[in-house]
Every structure is written in C-alpha cells, then in structure tokens.
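Thanks for asking me to look over this model with you. My notes are below, in the order I would go through them at the bench.

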Amino acid sequence: MKYMLIMRATDETYAAFQDVDFSEVVESMGRFNDEMIRAGVLVAAEGLDDPAKGVVVDYSAESPVVTDGPYGETKELFGGFWILDVASLEEAVEWAKRAPLAGPGSKTEIRRVTSIDEFPQDNEWIQKERAWRAATGQL
Amino acid sequence: MAGGDRTAVSGPGGGPAVTPRAPGGREAVEAVWRIESARITGTLARYTGDFALAEDLAQEALAEALVAWPRDGVPREPAGWLLTVGRRRAIDAFRRRSALDERYAVLSRDLPEGGAVTGAAAPDPAGPDRDLLWDPDRIHDDVLALVFTACHPVLSREARVALTLRVVSGLTSDEIARAFLVPTATVQARITRAKKTLAAAQVPFEVPPPEERRARLGSVLSVLYLVFTEGSTATSGSEWIRQDLAREAVRLTRVLAQLVPDEPEVHGLLALLELTAARFPARVGDDGEPVLLEAQDRRRWDRAAIRRGRAALVHAGRVGRGLGPYGVQAAIAECHAVAPSVDETDWERIVLLYDVLGRLAPSPVVELNRAVAVSVARGPAAALPLVDELARAGSLAGSHLLPSVRGELLARLGRFDEARREIERAVQLCGNERERELLRRKADAWV
C-alpha cells in the first residue's frame with residue numbers, strides 16, 4: 001500500500017529554520033532518505049520551495065482570485081512529501097516518526113495514495129489517464 | 001504517559017481537539033519490528049558471534065516490547081530500546097553459560113557489574129541515543145551477513161525461506177505459516193532445526209570471503225526468487241496470488257541491491273520481480289479466475305513497476321559482466337512489458353533470449369518456454385518437434401506443463417483428439433485448482 005507523508009509546517013517553523021545550518025539539514029535528510037531507500041520502501045519524494053514565493057488561487061468568488069505569498073494564515077504550510085510503499089499505515093507512521101523534522105508546528109500528515117484501479121475503468125477520462133501513465137511510467 | 005489511553009487535548013492555537021492514536025498497540029510493535037528486525041538481529045549476531053543466540057535474543061526483545069509498549073508507549077528510539085533489551089538478555093545468557101564454557105567466561109568478565117544488566121529493570125522508555133552496540137558503519141555489513149547466514153547452503157530450501165522471512169523481513173512464525181499455508185508449529189520447527197544446523201556446521205556470522213561470495217549470493221537470490229514465486233503462484237490450494245509475500249520478496253531484493261550494488265544478477269533478479277509483479281493487477285479477473293498473459297488487459301499493468309524493472313535491467317547491464325539467468329529472464333519479461341499486444345510482441349527476440357537462457361542455465365522448463373515462443377514466432381508445426389523431443393527425453397515427467405503445452409500445439413494443428421488426451425493428463429498432474437479449471441475450460445472450447 002502506498003502512503004504519502006506530507007511535511008507540514010507553520011511560519012514559526014520556517015522562521016526557526018532560518019537559523020539551522022543547511023548542510024546539516026542536507027545531511028540528516030539524506031540519511032533518512034537513504035534509510036528508506038535501503039529498506040526498499042521509498043517510491044517518490046519531492047520538496048517545495050519557500051511558501052513566500054508561492055501563489056494562491058482562490059475559487060471562493062465567481063472568478064478565481066490570485067494572491068502572492070503563502071497559503072492562508074501560514075499555520076498549515078505544505079513543505080514537501082515522500083511516498084512510501086509499505087505493508088500498513090502503522091509502518092508509514094513508524095517511518096514518519098524517524099523523519100529529521102523538529103520545531104514548533106512541524107508536523108507530518110499521512111494519507112493513503114489512491115490507485116487508478118479504484119476509479120470506474122469504463123470512463124473515457126480514466127482510460128486516457130491510464131494511457132498517459134502507461135506512456136510515462138507514472139505511479 | 002498512560003499507554004492505550006486516548007487523551008483528547010486541545011489543538012495548537014485553540015484549534016479543534018485532537019486525539020492521539022494509541023501509542024503502542026500490537027500493530028505498532030509489529031510495524032517497528034518490520035523496520036528494525038534485520039538490524040537488531042544482525043547487530044546482536046555480531047555482538048554475540050552466535051546467529052542462533054542472536055535470533056533468540058531478538059525474539060525475546062520483541063516479546064518484551066509487546067508487553068511494554070502497549071503499556072508505556074513506543075519509545076522515542078525503538079531500535080535502541082530493543083537492542084538494549086537484547087544486549088541485557090545476551091549478558092544473562094553469557095553468565096549462565098560462563099559456568100560451562102571458557103569462551104563465555106572471558107566475555108562475561110568484561111561486563112559491567114550491577115543489577116542494571118540483569119534485565120530486571122526496564123530500559124528507559126525515552127530510550128538512549130541508540131544503543132552502545134549501534135554502529136552505523138557496521139550495520140550494512142551486519143544485515144548482509146544476516147542475509148548470507150539465513151540463506152546458507154547447509155540449510156534446506158524451506159529452512160532458508162523461513163529463516164530469511166523471520167530474521168530479515170521480521171515476519172512472525174504465524175505470518176510465515178499463513179503465507180505458506182502450513183501450520184505455525186511447522187514453521188517454528190523449521191526455524192529451530194535451521195538454527196541447530198547452522199550451529200552444528202559452525203557457520204561463522206560473516207559476509208562470505210570474495211572467493212565464495214558469487215556462489216553464496218546465488219543461494220540468496222534463489223531464496224528471494226522462491227519467496228516471490230510462492231507468493232505469485234500458490235503451489236497448492238485455491239489462492240492464486242498471495243501478493244503480500246511477493247511484494248515482500250521485491251522489497252528484500254531492493255534491500256539486497258543496495259547492499260551489493262556491483263552484482264549484475266541482484267539487479268537482474270530485481271528487474272525480473274518488478275516486471276513480473278507489474279502484471280499482477282491483470283492476472284486475476286473480476287470473477288477471481290486467473291487470466292493468462294495473452295488475455296490480460298495490458299492497461300492494468302503497473303507502469304511504475306515496469307519503469308523500475310527496466311531501470312534495474314539497465315543497471316544490471318551497466319555493471320559490465322553481461323546478464324545472468326535472472327537478467328535474461330527479466331529481458332524476456334521486458335519484451336512483454338513494452339509490447340502493446342501479443343501480436344505486436346517481438347517473439348523472435350524472445351526465442352533468441354531463451355537460446356541464451358538455455359545456455360546459461362539449461363533446464364527442460366526453459367526449453368519448453370522456448371518451444372512456446374517458437375510456436376508464436378514461427379507456428380505450432382515448428383514448435384511441436386521441440387516438445388516431442390522433451391517428451392522423448394522423459395523431461396518434466398511429473399509436471400502438467402509439458403502435456404498442457406503439447407495439447408495446445410496439437411489443437412492449433414487441428415489434432416483435437418490427441419490434444420484432449422494431453423490436456424486430461426495435464427489436469428491430473430496439476431496441483432492448483434484454479435489452473436486445473438483453466439485447463440478444463442480450454443479443452444471444452446475444442447469440442
């Protein structure tokens with residue numbers, strides 16, 4: 001089963017992060033990723049750039065409103081993710097506990113990744129998506 | 001913290017109350033064990049120099065965790081906690097044996113005095129920063145030595161499989177028993193006997209020296225392959241695929257590929273398993289019946305697994321010593337994986353790859369598969385003599401494969417009476433109920 005480990009942080013976390021030695025972060029994150037690679041469970045991982053450089057598109061109004069900067073009240077910033085292929089949710093939790101994350105508001109959310117097999121297979125758009133997955137080797 | 005209790009606490013910033021999950025249930029302990037067991041057992045085996053003792057100690061540590069963690073919560077450093085318990089139990093064992101054995105007397109003299117090492121006191125729930133034994137520079141060698149020991153040639157195939165799943169995968173005897181459809185007591189007996197065999201043969205706990213390494217690696221790879229095939233085709237019973245077991249074999253092969261990156265056959269096997277597992281979603285129909293390769297809906301194949309398998313095959317070739325038997329089988333699987341349909345498959349290349357495989361690892365099964373490929377590439381008349389030759393040689397006498405292929409070829413040549421007789425023989429020899437049903441339906445279609 002595939003689970004996504006979603007790194008969550010607040011603006012406080014990001015502020016505290018400014019004081020951390022970047023090479024130490026690369027080192028500890030590298031070690032953690034290497035452990036998961038060596039255990040044969042890591043499927044994918046990406047990190048996201050500074051939320052202050054992001055843009056938010058809000059659909060609440062009739063036409064979408066675009067604003068610069070981080071999402072919402074910066075309490076739930078999304079920093080990056082790992083996708084793990086593990087036997088159970090508990091195993092995903094145990095890996096998440098090993099992540100070298102720390103600080104106020106720093107959290108990891110764990111969600112199961114759905115498979116395209118769970119959607120109606122006779123739907124034309126699902127079939128198109130399957131073709132794209134086949135052509136590009138997507139998950 | 002009171003384990004097992006779910007205490008509602010207010011969320012940060014006065015947000016909604018959150019309920020922490022129970023911190024140390026059985027499932028959590030088992031999840032930790034799956035992640036840590038190989039490193040714990042490997043480290044303890046290096047420490048004690050005794051694989052069988054290390055396995056006992058590791059199981060004792062697991063048993064203690066199953067009692068303590070639901071009560072106290074999962075420790076912050078679970079691996080350190082488990083190692084600390086294992087080491088204490090080792091010291092107890094050394095002390096017991098020191099009265100009998102000079103070697104242990106020496107070991108136990110070096111131990112610190114005091115009650116803390118008797119195992120009476122539980123480890124600090126917060127855990128030490130790893131255990132004294134934890135050595136990140138040694139850990140990969142310890143795990144590799146563990147894999148080689150569990151797959152040692154002095155052990156029977158069944159023992160190698162059971163021991164590998166127990167010490168490297170961290171599966172319980174119950175889980176192994178369920179996976180292989182045997183009683184738990186059988187698995188336990190296999191493991192006990194295997195440990196005695198290793199001790200009797202005085203097998204050292206080590207990564208084999210270079211001159212033995214290639215041959216010993218072959219034994220490891222065959223165990224992983226066996227676990228995978230057991231998971232992908234049940235040898236008996238009605239369950240066609242036990243995917244958990246097959247997926248565990250893929251995971252173990254990934255682990256091995258990280259440990260010995262310079263061996264082409266490890267990557268060859270990984271490629272073969274990924275490319276074969278990629279077809280799992282299409283191998284069973286909605287009615288639970290098996291679907292053969294030619295009838296599979298290829299859109300259902302797992303494209304990410306195909307991509308990983310092809311990458312592993314490229315890696316196997318890049319090592320530069322040529323492909324071995326697993327690598328060649330992976331190359332055959334790749335021919336299917338990249339083809340949009342049976343008709344658009346490069347069957348001549350598959351015949352060529354079977355020629356290669358037949359030289360690298362001659363076997364009647366390979367010859368039979370080659371005959372099947374020839375029948376698709378050049379027609380049934382070209383393939384029948386090859387199958388007849390196998391039948392004359394008495395190869396595969398007890399297997400349903402030969403008569404089922406021969407029956408198929410005869411049917412394609414319009415010789416239906418002979419074909420039906422062959423299929424009847426195949427049905428008698430086949431041990432898998434679902435496959436038998438498939439054969440019967442095939443024969444019925446010729447009426």
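The numbered points below go from chain A to chain B and the places where parts meet.

1. A word on the kind of model first. This is a predicted model, so please take every value below as computed from its atoms or, where I say so, as taken from a record.

2. Let's begin with chain A as a whole. It has four helices and six strands, and from the N terminus on these follow one another as β-α-α-β-β-β-β-α-β-α. Along the principal axes, the C-alpha atoms of chain A fill a box of roughly 55 × 50 × 25 Å. Of its 139 residues, 17% count as buried. Among the contacts in chain A with a separation of 6 or more, 71% are made by residues 24 or more positions apart.

3. Helix α4 of chain A, residues 124–136, lends itself to a quick check of geometry. At 1.5 Å a residue, its 13 residues should span 18 Å, and the end C-alpha atoms are 19 Å apart, which agrees. Is this helix well covered or hardly covered? α4(A) is hardly covered, as one of its 13 residues is buried.

4. If you would like one residue of chain A to look at, try N33(A), which lies in helix α2 (residues 22–38). N33(A) has 15 other C-beta atoms within 10 Å, so it is partly exposed. Leaving out residues up to four places away in sequence, N33(A) touches L42(A) and A45(A). The C-alpha atoms of N33(A) and A45(A) are 8.8 Å apart, with these positions 12 residues apart along the chain.

5. On to chain B, where the domain assignment gives domain 1 (26–114) and domain 2 (139–234). Taken over C-alpha atoms, the centres of the two domains are separated by 20 Å. Their contact takes 14 residues from domain 1 and 13 residues from domain 2. On the domain 1 side, α1 and α2 (51–72) each supply at least two residues, and α1(B) gives the most, with 10 residues. That side of domain 1 divides into five nonpolar, five polar and four charged residues.

6. The UniProt record has two annotations for chain B, both from an unreviewed entry. One, "domain: RNA polymerase sigma-70 region", is listed for residues 39–98. In the model this span is 88% helix and 0% strand, and its end C-alpha atoms lie 27 Å apart. The other, "domain: RNA polymerase sigma factor 70 region 4 type", covers residues 149–198 according to UniProt. Here the span is 72% helix and 0% strand, with its end C-alpha atoms 8 Å apart.

7. Now for the inside. Which residues have the most contacts inside the largest nonpolar core? This core has 133 residues, and those with the most contacts inside it are L84(A), L146(B), V147(B), A162(B), L224(B), A249(B) and V387(B). Domain 1 and domain 2 of chain B both give residues to this core, so it lies between them. Take A249(B) as an example: leaving aside neighbours within four places in sequence, A249(B) is in contact with L224(B), V227(B), F228(B), G231(B) and L273(B).

8. The two chains also meet: 19 residues of chain B are in contact with 20 residues of chain A. On the chain B side, α1 (26–48), α10 (243–259) and α13 (303–318) each supply at least two residues. With six residues, α1(B) gives the most to that side. The chain B side divides into nine nonpolar, two polar and eight charged residues.

9. Finally, two backbone angles that I would look at in the viewer. Most residues other than glycine have a negative phi. Q202(B) has a positive phi, near 50°, and is found in the loop between α8 (184–200) and α9 (210–232) of chain B. L396(B) also has a positive phi, near 55°, and lies in the loop between α17 (380–392) and α18 (401–412). Are these two residues buried or exposed? Q202(B) counts as exposed because it has 7 C-beta neighbours inside 10 Å, whereas L396(B) counts as buried because it has 20.

Definitions and conventions: Residues are numbered from 1 along each chain as its sequence is written. Chains are lettered from A and ligands numbered from 1 in the order in which they are written. This is a predicted model: local features need pLDDT of at least 70, side-chain atom pairs count only at pLDDT 80 or more; totals for chains, interfaces and linings use all residues. UniProt positions are given in the numbering used here, feature names are shortened, and annotations may be inferred rather than shown by experiment. A nonpolar core is a set of buried Ala, Val, Leu, Ile, Met, Phe, Trp, Tyr and Cys residues joined through C-beta atoms within 7 Å. A residue is buried if 20 or more other C-beta atoms lie within 10 Å of its own, exposed if 12 or fewer, and partly exposed in between; C-beta atoms are placed from the backbone. Domain bounds come from an automatic or database domain assignment. Two residues are in contact if their C-beta atoms, placed from the backbone, lie within 7 Å. Ala, Val, Leu, Ile, Met, Phe, Trp, Tyr, Cys and Pro count as nonpolar, Asp, Glu, Lys and Arg as charged, and the others, Gly among them, as polar. The expected span of a helix is 1.5 Å times one less than its number of residues.
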